[in-house]
Amino acid sequence: MGILKVKGQKYEDGDKGVHSIHGNMGGWDRILLLVWRRGEHWFGAFLFIYSLRTSFGLHFSANSTSQAEKSKFVHGDVGNGAAMELVYDGIFFQRLILCEKVGLDSSVLVEVLPDSSSNSPIPMDHAELNMEQVLKRDIPWETYMTTKLITGTGLQLLRRYDNKSESQRAVLLDDDGPAYVRVFITILRDIFKEETVEYVLALIDEMLTANPKRARLFHDKFLASEDIYEPFLRLLWKGNWFIQEKSCKILTMVVSGRPENQERVTSNGEASNSKKHLTTTDDVLKGLVEWLCSQLKKPSHPSRAIPTAINCLATLLKEPMVRSLFVQADGVKLLIPLISPASTQQSMQLLYETCLCLWLLSFYEPAIEYLATSRALARLIEVVKGSTKEKVVRVAVLTLRNLLPKGTFGSQMVDLGLPQIVQSLKAQAWSDEDLLEALNQLEDGLRDNIKKMSSFDKYKQEVLLGHLDWSPMHKDPIFWRENITKFEENDFQILRVLITILDTSRDPRALAVDCFDLSQFIQFHPAGRVIVTDLKAKDRVMKLMNHENAEVTKNALLCIQRLFLGAKYASFLQV
């Protein structure tokens, strides 16, 4: 029987609380089941002598002091030197590492470690790991070769690559890049020791950051039979923050760097040159979108989770499938709160990449439909108005240009004063030619939009912008008769704005036109006198009867006369 070393104690088969079974199952020569009890719960683990990998479930009867109960243990990848996650009745328990293999001897040492896959917050010492710290580690590659987790060839490649300068590593990758990628993927697939996983992820991240074109190495024909995505996709959900962040970044670069015409899988999801099932591109994109949305909803790291998610989204949303998945996951609404004026360099970069995400989504109709019902437009205009960073203004203006011809965006932009903002931006000294071109296009589009607007729409823009002037509609009785009921929209919004202008404007022309328009409303609306009185306009107009400008005084007097006389007699007053 096997001897087990668990937390410093040795157990042999038959010891109290420990039960084992041996047998031949699915090609396995030796299976040992360790069962122990803690309080009311039974814990269990399958221990395998050989460094093979499998995934299956097994029913067995656990002998408890009270009664026999049937439980099911399901686990994933296992093997010497690899961690195993065990599930007992839906609960994650402990992770075991087979730390030593002794040939075909049945005597195997094992060590039980606390489970690091729980949903508890990530410890900050792991969350704050940086590349420099991780890359200083000395990894015992020889031990992994002894336990058959890496091959002799893999060990040679790692010895050449490890602890070398960037220029030396660049030469090695140029000469034999796909072979190094295979070694890295094999380690991430077969070795679960956290420090080693972090180290290899740091090597890959360093490699890709130095030259993003190296992502093509993962798609080399030499790796056609390798599942290049699976280890990273699994680590997105299993590791600490450092592991999650690097896995996401690497997956994003690798999947985005695939050749356009490359098909790794056939329609039924199997490799075109192998019967082995490979993780498909669709699987990767779905997994990434799910993880990114989860980070935007509930960040795993207080300061780095959201910037990491947005940075990767800004790359992935170039993919039509990602746009579709992101909208289906209701992800667009998660971006809106991030569109706000930025002050620090870090927040400026986050704002830029968030606007870049919106620009990419502005090419996708279902996303546009959502943006039309959110505060995205108002926030984008605030960004354009208040930002000084050229690249932020550029991507926001390009997004607005894309949205302009869609639905009611054009009229909303005019409502929010974008024409005046664009004029102000054009007066500034921008060096980016794309920005200048986009501003000209936006200005032309807004001008065309205003031309298409109805007379009341034009009047509404004048009022909302506070730019009142003696355009023909103000004195046109047909305009007032046809549109008088539209003043009731949104709880008399336009009328309320007119009354507010009486207090805020310093422009005599605007004040004169305002008083006249109020008198026209009294004249043409059946309840004009009552409504204007209820909105407290009378006292404000009366103050203007003493205004220094004669035009303001004249129209204020006309308004008061109509207010007192009512529509029946006011029509006799001279305009």
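The largest nonpolar core, meaning a set of buried Ala, Val, Leu, Ile, Met, Phe, Trp, Tyr and Cys residues joined through side-chain atoms within 4.5 Å, has 118 residues in this predicted model. Buried stands for under 20% relative accessible area, exposed for over 50%, and partly exposed for values in between, with a 1.4 Å probe and protein chains only. The residues with the most contacts inside this core are W141, I204, F218 and F326, and I204, leaving aside its neighbours within four places in sequence, is in contact (heavy atoms within 4.5 Å) with F184, L188, F218, F232 and I250. Apart from the largest core lies another one of 35 residues, which includes F456, Y459, W480 and F492.

Confidence is given as pLDDT, the predictor's score for each residue from 0 to 100; its mean over the protein is 78, and 73% of the residues reach 70 or more. Two stretches fall below 50, as tabulated here.

| Stretch | pLDDT | Contacts in the model |
|---|---|---|
| residues 1-124 | below 50 | 256, beyond near neighbours in sequence |
| residues 264-275 | under 50 | 22, beyond four places in sequence |

D507 sits in the loop between helix 22 (489-504) and helix 23 (508-524), and is partly exposed, with a relative accessible area of 37%. Its side chain reaches the backbone nitrogen of R509 at 3.2 Å, while the C-alpha atoms of D507 and V552, 45 residues apart along the chain, are separated by 9.8 Å.

Residues are numbered from 1 along each chain as its sequence is written, and side-chain values use heavy atoms, leaving out hydrogens and water. Local features need pLDDT of at least 70 and side-chain atom pairs count only at pLDDT 80 or more, whereas totals for chains, interfaces and linings use all residues.

Definitions and conventions: Helix = DSSP H or I, 4+ residues; strand = E, 2+ residues; numbered from the N terminus. Polar contact = N/O pair within 3.5 Å; in protein donor to acceptor, adjacent residues only side chain to side chain.
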